[in-house]
There are 2 protein chains.
Amino acid sequence: MRFSMARKLSTLDPQRLDNQICFAVYSAAHAFNRVYKPLLDRLGLTYPQYLVMLVLWERDDVPVKDIGEKLFLDSGTLTPLLKRLEAAHLVKRTRSSEDERQVLIALTPQGHALKEKARSVPQSILAASDCSVAELVAMKDEIVALRDRLNAVIGE
Amino acid sequence: MRFSMARKLSTLDPQRLDNQICFAVYSAAHAFNRVYKPLLDRLGLTYPQYLVMLVLWERDDVPVKDIGEKLFLDSGTLTPLLKRLEAAHLVKRTRSSEDERQVLIALTPQGHALKEKARSVPQSILAASDCSVAELVAMKDEIVALRDRLNAVIGE
DNA sequence: ACGCATTCAATTGCGAACAATTAAATGTGA
DNA sequence: TCACATTTAATTGTTCGCAATTGAATGCGT
């Protein structure tokens, strides 16, 4: 009786680490990062750089702001990251002639070519997840919905 | 026909940003961080510091390594973080006398007292999640299971 | 046309996160 | 006991992530 009470209380205590969904998400993000690392090392990319490349492989020659909106990142993060990608000869940064405030990010031939080398990455992640595609899609949709509700509160 | 084909292909393309569960987790973690920030600012804590305090509020006077195992963090992250908590007079760091390699982390009276001030934080997060407790618990369990499978692959 | 707000990227400063290395303490086997 | 491996934190260097600020370009209202 005393034990079951104690157990019940602890599994409901919202101040306990293992009850917090945020820590689950936080620690899962790090776990993903560690799985990605050896795969992305072969491409010479970090995970955030890989995200930027994913955006650019879908649509090229976009302003920094567009990349930021898709990845929920600001210029303080993206400017130095994009300069590193430029130093690696994967992208070119040019001021837009129509709007001199914007910097357009375009892929170099090497940047385009890297897409092929990166083709096997998602499959490796899927394997590491040890989970059916359907389950992962369902989880992804739930997490995205939660994220969007959180972001809505921030804009409030 | 052409349109439905294109749509079907894009929703299955594993190289598309919006199809990647990892980006969902990554961006959700940042969204959580942004929701936590104003709450934790009032406590003078960052989110990782808050996690360390959650661990210490459950059990005090533990070596750095134990904290690292619970949070999946290493000394490269924890040592400077704990020094900042010490500078804020929330914890004390002392070498263990039984094993001089270990540094034991203990709460100061202020560190203990902060637990009360932090009591309302989980409730605020729950409200921002705009989601039932049961749903959050289910999601948390799924994400933890995924994280543990990923971590198992890393140890391989 | 003028003043003024807005937009966009860059910059600065701080706090993670992690790889790789170092150094000291401890444990183990011969 | 002594050599050697292991454990534990600390340190160094690189890259994110974000708040806050700056500065230039653009848009808008009068």
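This report walks through a predicted model of two protein chains and two DNA strands, C and D.

## Ground rules

Residues are numbered from 1 along each chain as its sequence is written, and chains are lettered from A, with ligands numbered from 1, in the order in which they are written. Since the model is predicted, local features need pLDDT of at least 70 and side-chain atom pairs count only at pLDDT 80 or more, while totals for chains, interfaces and linings use all residues; side-chain values use heavy atoms, with hydrogens and water left out.

## How the two chains relate

Start with the symmetry. Two copies of a chain are related by a rotation about an axis and a shift along it. Here, a 180° rotation with a shift of 0.0 Å along its axis puts chain B onto chain A, at an RMSD of 0.0 Å (least squares on the C-alpha atoms of residues with pLDDT of at least 70 in both copies). That is what a two-fold axis does. In chain B, B:Val25 has the C-alpha nearest the axis, at 3.1 Å. Both copies use the same surface, as 100% of chain B's contact residues recur in chain A (contact means heavy atoms within 4.5 Å).

## B:Gln15 at the chain boundary

B:Gln15 sits in the loop between α1 (2-12) and α2 of chain B. Helices and strands here are DSSP runs, H or I of at least four residues for helices and E of at least two for strands, numbered from the N terminus. With 6% relative accessibility, B:Gln15 counts as buried (under 20% relative accessible area is buried, over 50% exposed and in between partly exposed, using a 1.4 Å probe and protein chains only).

Leaving aside residues up to four places away in sequence, B:Gln15 touches a list that includes A:Leu54, A:Trp57, A:Pro122 and B:Gln20. A polar atom of the B:Gln15 side chain also lies 3.1 Å from the backbone oxygen of A:Lys115. That is a polar contact, meaning a pair of N or O atoms within 3.5 Å; within protein, one must be able to donate a hydrogen and the other to accept it, and residues adjacent in sequence count only if both atoms are side-chain atoms.

## The strands

In chain A, five of the five residues of strand β3 (residues 103-107) are buried. In a regular strand the side chains alternate between the two faces of the sheet. For β3(A), both faces are covered: A:Val103, A:Ile105 and A:Leu107 are buried on one side, A:Leu104 and A:Ala106 on the other. Its antiparallel partners are β1 (residues 62-63), over two bridges, and β2 (residues 91-95), over five bridges; two strands pair if DSSP finds at least two bridges between them. A:Val62 has A:Ile105 as its bridge partner, and A:Thr94 stands opposite A:Leu104.

In chain B, three strands make an open antiparallel sheet in the order β1-β3-β2. Its edges are β1 (62-63) and β2, each of which pairs on one side only. Five bridges join β2(B) to β3 (residues 103-107) of chain B in the antiparallel sense, with B:Val91 partnered by B:Leu107.

## DNA strand D

There are 29 residues around DNA strand D, and A:Thr46, A:Arg84, B:Tyr26, B:Lys83 and B:Arg93 come nearest (a residue is near if one of its heavy atoms lies within 4 Å). Of the strand D atoms within 4 Å of the protein, 79% are sugar or phosphate and the rest belong to bases.

B:Tyr26 puts a polar side-chain atom 2.5 Å from a phosphate oxygen of strand D. Bases are contacted too: a polar side-chain atom of B:Arg101 is 3.1 Å from a base oxygen, and a polar backbone atom of A:Gly76 is 3.5 Å from a base nitrogen. Elements giving two or more residues to this surface include α3 (47-58) of chain A and α4 (64-71) of chain B.

## DNA strand C

Around DNA strand C there are 29 residues, with A:Tyr26, A:Lys65, A:Lys83, B:Thr46 and B:Gln49 nearest. Among its phosphate contacts, a phosphate oxygen lies 2.6 Å from a side-chain N or O atom of B:Gln49, another contact puts a side-chain N or O atom of B:Arg84 at 3.0 Å, and a polar backbone atom of A:Val103 is 3.4 Å from a phosphate oxygen.

By class, the surface near strand C has eight nonpolar, nine polar and twelve charged residues (Ala, Val, Leu, Ile, Met, Phe, Trp, Tyr, Cys and Pro count as nonpolar, Asp, Glu, Lys and Arg as charged, and the others, Gly among them, as polar).
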